[in-house]
Amino acid sequence: MAILFFSFLFLLSFSTPSEGGGSIAVNYGRIADNLPQPAQVVELLKAQGIKKVKLFDTDSTVLTALANSGITVVVALPNELLSSAAAADGSFSEKWVQTNIAQYYPATQIEAIAVGNEVFVDPNNTTDFLVPAMKNVYNSLVKHNISSIKVSSPVALSSLNISYPPSAGVFKPEIIEPVMKPLLEFLRKTSSFLMVNAYPFFAYSANSGDISLDYALFRAANANVVDPGTGLSYSNLFEAQLDAVFAAMKNLQYDDVPVVVSETGWPSKGDENEIGASAENAAAYNGNLVKRVLTGAGTPLRPNQSLNVYLFALFNENQKTGPTSEKNYGLFYPSKEKVYNIPLTMEALNAPGLTQVNGSKVQVTSAGEAPSAAVGQTWCVASSEAEEKKLQAGLDYACGEGGADCRPIQESATCYNPNTLVAHASYAFNSYYQKKARGAGTCNFGGAAYVVTQPPRFGSCEFPTGY
């Protein structure tokens, strides 16, 4: 991931939603020590209707688990292998393809190989190896008669020298001739696509004084940003970022090369200086993005090219380095419990029992009308992954100094059962959260709590939505 800075003026206009539809997939990262076994992950993907997944390696256990699953896979050759893969004799790439691709395909439906990842910001300076490595990998695929597998490489938005307005997008001059032109020419000749990692969160977090949160979260449908160069209107930052890339490609005369969004997401938790990192915003961004991709067409600059997007990421990953946000991009906890509830497929979008609320889908309690208390509400619950000490400390604080109404979880009271720490902490955390008007940071309790968009269910207990 890489930070992209944006600044712009907001101009008002109106737009009409486009027709069509793209695809939603997910990145399956594994930098954690508490994740489910790959076979369990495959079952989770199937249960969620996710039919495409992107890996960051070629782990044998994962590729074996994905065999005959009906799930298509993007695998990766990591940056640290680029210099070897770029060797002139091609022997390393030949062996790598044989060992990591050919022996699994076609039982495992590998559809593409991501050679490297954001190499332009790789501190080990692997840029010069990128295109030669891609060519060697492709030539090895041809030798094995499996050249239908595409070869690409994800680039970060930091590869752009100018990103606003979108029509002025250009790549950094130092990478144009040595890398971008050869890369795009290779993609064109092999009928492949450019992978782009796009994170509106970074732009918003760094420039929250200039960028509207609603614009970053797909909630500014009627207040668009107008590109003075083209007159095109933008209702969200995601499309503006993509069109900056498209403009940069057009500037090099490669506007015929397709683009896949290989990573995008929003963290459910972050450090104090990571403005906007919250479960509410993550649910809004990813939920509204899914709707936009599945029910809309392309961007203003490429209206006829549907969006194909890989969400980042499937799980929270507790061993990732960097700020707190890096560990909290997951749609699911390692327990396979949802961090927040959003639809991931067209079927889920259209499912009865889901109602549209401020651009997001909210699960309601029946297929009929949503109870008024559920509309537009969020609740705070305890994480079953949290340590008991942390849960107890949070419960004690909420019921004591925090001023939560904990009478319903006393013995013989209406919410005493189930008599578990998680259930009681959830009630207390939610009472505190609602009393604080669901303010930012009021559903944390040292990382022991998170926000949900459907009414919690612990026995017959009804959780309050306000006081």
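Which residue in E3 stands opposite Lys52? I looked this up before anything else, and the residue opposite Lys52 in E3 is Thr72. The model I am reading is predicted.

**Entry 1. Confidence**

I checked the pLDDT before trusting any detail. The chain averages 88, and 89% of the residues score at least 70. Over residues 2-20, however, the pLDDT is below 50, although this stretch has 62 contacts in the model beyond near neighbours in sequence. I noted a second such stretch at residues 353-376, where pLDDT stays under 50 and the model has 45 contacts beyond four places in sequence. Where pLDDT is low, the predicted coordinates should not be read in detail. I therefore leave the contacts of residues 2-20 and 353-376 uninterpreted, as pLDDT is under 50 in the latter and below 50 in the former, and low values call for that caution.

**Entry 2. The sheet**

I traced the strand order next. Nine strands form an open sheet with parallel pairing, in the order E5-E4-E3-E2-E1-E13-E12-E9-E6. I find strand E5 (150-152) and strand E6 (154-156) at the edges, each pairing on one side only. Neighbouring strands of this sheet are turned against each other by 25° on average, with direction ignored.

I then went through some of the pairings. Strand E2 (residues 52-54) runs parallel to strand E3 (residues 72-77), and three bridges join them; the facing residues Lys52 and Thr72 belong to this part of my notes. Strand E1 (residues 23-27) pairs with E13 in the parallel sense over four bridges. Within E13, Asn308 is the bridge partner of Ser23. E13 also pairs with E12, again in the parallel sense, over two bridges. Here I recorded Val261 opposite Val309 in E13.

**Entry 3. Helices on the sheet**

Which strands does helix H4 touch? Helix H4 (residues 91-102) packs on the sheet and touches E3 and strand E4 (109-115). I note that the direction of H4 makes about 140° with that of E4.

I looked at helix H9 (residues 237-251) as well. H9 lies across strand E9 (194-197), strand E12 (259-264) and strand E13 (308-311). Its direction runs at about 135° to E12.

**Entry 4. Backbone details**

I searched for cis peptide bonds and recorded two entries. Tyr105 and Pro106 are joined by a cis peptide bond with omega of about 10°, and Pro106 is found in the loop between H4 and E4. The bond from Tyr164 to Pro165 is also cis, with omega near -5°. Pro165 lies in the loop between strand E7 (160-162) and strand E8 (170-171).

Where is Ser191 placed? I located Ser191 in the loop between helix H6 (173-189) and E9. Its phi is positive, about 55°, although Ser191 is not a glycine.

**Entry 5. Enclosed space**

How many cavities of 30 Å³ or more does a search of the whole structure find? I noted three. The largest cavity has a volume of about 50 Å³. Its lining consists of Leu331, Phe332, Lys338, Tyr340, Ile342 and Leu344. By class, I have five nonpolar, no polar and one charged residues there.

**Entry 6. The second largest pocket**

I then turned to the second largest pocket, whose volume is about 830 Å³. Its lining comprises 29 residues, and Ile31, Phe56, Asn117, Glu263 and Lys320 lie nearest its centre. What classes of residue make up the lining of this pocket? I recorded 13 nonpolar, six polar and ten charged residues.

How values were computed. Residues are numbered from 1 along each chain as its sequence is written. This is a predicted model: local features need pLDDT of at least 70, side-chain atom pairs count only at pLDDT 80 or more; totals for chains, interfaces and linings use all residues. Side-chain values use heavy atoms; hydrogens and water are left out. pLDDT is the predictor's confidence in each residue, from 0 to 100. Contact means heavy atoms within 4.5 Å. On a 1 Å grid over the protein atoms alone, a cavity is a set of points where a 1.4 Å probe fits but cannot get out, and a pocket is an open set with protein on both sides within 12 Å along at least five of seven lines; lining residues have an atom within 4 Å of a point. Grid points are joined across faces, edges and corners, and a volume is the space filled by probe spheres set on the points. Ala, Val, Leu, Ile, Met, Phe, Trp, Tyr, Cys and Pro count as nonpolar, Asp, Glu, Lys and Arg as charged, and the others, Gly among them, as polar. Two strands pair if DSSP finds at least two bridges between them. Axes are lines fitted to C-alpha atoms, for helices over the stretch in contact, and angles run from 0 to 180 degrees between N-to-C directions.
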